[in-house]
Amino acid sequence: MPELSVETASGIATLTIDNAGRRNSLTLEMWKQFGPLLDRLANDSGVRVLVIRGRNDDFSSGADIRDLQTILDGETDGGRVTEAENAIATFPKPTIAAIDGFCVGGGWEIAGACDIRIASSRATIGVTPARIGIIYPLSGIRRLVSIAGPAVAKLLLLSGELIDAKRALGFGMVSHVVDSGAFWKGVHAYAEDLASRSQLSTNAMKDLVNAIDDRGDVDARLAFWQGEVASSNDPAIGAAAFLARTEPRFTWSRS
């Protein structure tokens with residue numbers, strides 16, 4: 001049965017897109033699951049980092065073509081796809097898209113909404129609405145332009161071309177490319193590294209970057225986070241660990 005599943009270990013939550021035999025395409029019900037799942041993980045103090053991946057050999061081929069009209073039908077542009085994308089983009093903790101195999105269409109929209117994208121050397125990425133005669137959700141177009149620039153966005157949107165991981169890296173669409181044989185070990189090591197950082201620092205700086213990018217009220221967000229720093233033990237813990245040359249054990253968590 002197609003579904004999203006979540007496993008949590010050592011502060012890392014792994015959300016898996018699972019639709020066996022269909023390159024992990026997403027049905028309407030799967031798109032609907034993102035918001036509630038991410039709300040729960042945002043409020044779970046034991047979760048420090050979120051990894052999104054696909055089951056087995058592919059990240060996701062995007063919206064299930066059999067449900068496409070229903071998926072895109074909504075009160076706002078993009079319907080359930082945009083709702084899911086925005087839920088990922090506004091998730092308060094660091095997010096990693098672990099891109100293996102196909103990451104196409106709505107699959108890229110999910111990956112693009114993550115903070116960091118790590119691709120295996122065998123990954124294939126594409127933004128393909130021109131292949132099926134639809135308009136990509138505006139939120140997805142804006143995010144692609146923000147990540148890769150208007151020239152690359154036009155190249156991919158107008159052609160529907162599929163590109164390999166090396167080319168995606170050159171376009172700035174992924175942060176790292178890891179050999180496929182060492183991919184999952186590399187993703188886990190990176191997630192562990194992020195999970196070891198101060199949640200106060202990572203949550204605050206993600207929020208501030210988003211506010212700058214969205215032209216939000218940066219001064220108000222900065223004032224809030226400065227208050228959190230003033231009442232937190234994390235700065236003292238980090239400084240003491242640095243002087244002692246030990247790994248810090250930060251204590252701040254989102255209330």
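**Strands, salt bridges and two positive phi angles**

Student: Is Arg245 buried or exposed?
Tutor: Arg245 has a relative accessible area of 80%. Buried means under 20% relative accessible area, exposed over 50% and partly exposed in between (1.4 Å probe, protein chains only). With 80%, Arg245 is therefore exposed.

Student: What kind of model is this?
Tutor: Residues are numbered from 1 along each chain as its sequence is written, and side-chain values use heavy atoms, with hydrogens and water left out. Local features need pLDDT of at least 70, side-chain atom pairs count only at pLDDT 80 or more, and totals for chains, interfaces and linings use all residues; the model is predicted.

Student: Where does Arg245 lie?
Tutor: Helices (H or I, at least four residues) and strands (E, at least two) are DSSP runs, numbered from the N terminus. Arg245 has a positive phi of about 60°, although it is not a glycine. Arg245 lies in the segment after helix H12 (234-244).

Student: What is the relative accessible area of Asn24?
Tutor: Asn24 also has a positive phi, near 55°, and is not a glycine. Asn24 sits in the loop between S2 and H1. Asn24 is buried, and its relative accessible area is 3%.

Student: Which unit do S2, helix H1 and S3 make?
Tutor: H1 covers residues 28-42. A crossover is right-handed if, with the strands pointing away from the viewer, the path from the first strand over the helix to the second runs clockwise. S2, H1 and S3 make a right-handed β-α-β unit.

Student: How many bridges join strand S2 to S3?
Tutor: Two strands pair if DSSP finds at least two bridges between them. S2 (residues 12-18) and S3 run parallel. Leu15 stands opposite Ile52 in S3. The number of bridges joining S2 to S3 is six.

Student: In S4, what is the bridge partner of Leu50?
Tutor: Strand S3 (residues 49-54) is mostly covered, with five of its six residues buried. S3 pairs with strand S4 (residues 95-99) in the parallel sense, over three bridges. In S4, the partner of Leu50 is Thr95.

Student: Which residues of S6 are buried on each face?
Tutor: S6 is mostly covered, with five of its five residues buried. Both faces are covered. One side has Ile116, Ile118 and Ser120, and the other has Arg117 and Ala119.

Student: Which residue in S9 stands opposite Ile118?
Tutor: S4 and S6 pair in the parallel sense over four bridges. In S6, Ala119 is the bridge partner of Ile99. S6 is also joined to strand S9 (residues 176-178), in parallel, by three bridges. Opposite Ile118 in S9 stands His176.

Student: Why is one side of S5 and of S8 left without a neighbour in the sheet?
Tutor: Strands of a sheet pair through backbone hydrogen bonds, either parallel or antiparallel. Here an open sheet of three strands has the order S5-S7-S8, with mixed pairing. One side of strand S5 (102-104) and of strand S8 (162-164) has no neighbour because each stands at an edge, with a single partner strand.

Student: Which residue in S7 stands opposite Val104?
Tutor: S5 pairs with strand S7 (residues 124-126) in the parallel sense. Three bridges hold that pairing. Opposite Val104 in S7 stands Gly126.

Student: How many salt bridges does the structure hold?
Tutor: A salt bridge is a side-chain nitrogen of Lys or Arg within 4 Å of a carboxyl oxygen of Asp or Glu. One of them joins the side chains of Arg167 and Glu161, at 2.5 Å from N to O. The structure's salt bridges number twelve.

Student: How many residues apart are Asp115 and Lys206?
Tutor: Asp115 forms a salt bridge with Lys206, with the closest N and O atoms 2.9 Å apart. The pair links distant parts of the chain: Asp115 is in the loop between helix H4 (106-112) and strand S6 (116-120), and Lys206 is in helix H10 (residues 199-213). Asp115 is partly exposed at 32%, whereas Lys206 is buried at 9%. Their separation along the chain in residues is 91.

Student: What is the relative accessible area of Arg197?
Tutor: Arg197 meets Asp193 in a salt bridge, at 3.2 Å from N to O. Asp193 is partly exposed at 34%. Arg197 is partly exposed too, and its relative accessible area is 41%.
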